[in-house]
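Dear colleague,

I am passing on the structure below, followed by notes on what was found in it. Please read them with the model open beside you.

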Amino acid sequence: MSAETAMILLVEDERQIRETIALALECEGFATCEAGNAARASEQVAQHKPALILLDLGLPDRDGVDFIRDLRAWSATPILILSARSAEDSKVDALDAGADDYLSKPFGMAELLARVRALLRRRPDEQVSDAQLAFGDFLIDCVKRTVSRAGEPLHLTQIEYRLLAYLAANPGRVLTHRHLLARVWGGQAVENHQYLRVYVGHLRQKIEANPAQPRHILTEIGVGYRFQP
Ligand code: CA
């Protein structure tokens with residue numbers, strides 16, 4: 001199925017918002033299905049197997065974060081959160097639970113569509129795990145555990161390598177501090193945000209043309225990081 005005909009599930013209890021978004025998506029050539037609560041959303045996922053889910057966290061029947069946790073037990077469908085909640089905690093909880101990206105309300109339709117296209121582009125890569133990851137002039141060899149820039153080897157410590165490889169393997173995805181700490185350092189380190197800050201600083205020094213204005217390892221303030229290839 002091409003990205004243009006992909007089915008997108010809209011989970012939103014405010015009908016006006018749902019219809020506005022559905023119309024914008026349909027104008028872009030996407031097919032849509034809708035749900036006004038979490039129970040209906042689960043049915044729609046099973047029935048239509050959507051390529052992407054747009055999820056409002058404030059649903060009448062269940063907490064959106066619980067919905068994500070349960071869904072992730074049986075579906076890897078990408079989830080873009082549409083959150084009216086200003087608290088960063090709920091966004092972080094939702095990303096930790098397995099959501100892929102978020103937009104805070106109010107948002108512009110152009111940005112929503114750009115995020116939708118980005119998530120749909122990433123889908124095929126999820127099926128295939130490649131032993132080589134490339135971005136810019138860089139090549140990461142996941143078998144040899146080496147990184148080169150324009151053919152020249154780049155010296156990284158073990159932690160720097162693991163962090164960069166994990167970021168590069170998840171392009172465009174918002175990765176929370178806790179998620180990265182658990183993946184790179186292990187579950188006991190999830191509260192040690194300073195580890196991450198220090199090592200992201202090291203990596204930026206090594207891979208960014210201007211570490212003060214990074215183009216690859218982007219900060220998501222209060223949430224985590226996003227890797228841009
Ligand atoms: Ca709502």
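**Helix packing, calcium site and cysteines**

The axes of helix H7 (residues 177-184) and helix H8 (residues 193-207) come within 10 Å and cross at roughly 80°, so that H7 and H8 are roughly perpendicular to each other (65 to 115 degrees; axes are lines fitted to C-alpha atoms over the stretch in contact, with angles running from 0 to 180 degrees between N-to-C directions; helices are DSSP runs of H or I with at least four residues, numbered from the N terminus). The contact (heavy atoms within 4.5 Å) is made by His177, Leu180 and Leu181 of H7 and by His193, Tyr195 and Leu196 of H8.

This is a predicted model, in which local features need pLDDT of at least 70 and side-chain atom pairs pLDDT 80 or more, while totals for chains, interfaces and linings use all residues. Residues are numbered from 1 along each chain as its sequence is written, and side-chain values use heavy atoms, leaving out hydrogens and water.

The calcium ion has as its protein donors (N, O and S atoms within 3.2 Å for Ca; water is not among the atoms, so the site may look incomplete) Asp13 (OD), Asp56 (OD) and Gly58 (O), at 2.2 to 2.4 Å. Asp56 is buried at 4% relative accessible area, whereas Gly58, at 32%, is partly exposed (buried is under 20%, exposed over 50%, partly exposed in between, with a 1.4 Å probe and protein chains only).

The structure holds 0 disulfides (pairs of cysteine sulfur atoms within 2.5 Å). The sulfur of Cys33 is 17 Å from the closest cysteine sulfur, in Cys27, too far for a bond; Cys33 is buried at 6%, and Cys27 is exposed at 64%.

Best regards

Note on methods: Helices (H or I, at least four residues) and strands (E, at least two) are DSSP runs, numbered from the N terminus. Angles under 35 degrees count as roughly parallel, over 145 as roughly antiparallel, 65 to 115 as roughly perpendicular and the rest as oblique. Donors are N, O and S atoms within 2.8 Å of the metal (3.2 Å for Na, K and Ca); water is not among the atoms, so sites may look incomplete.
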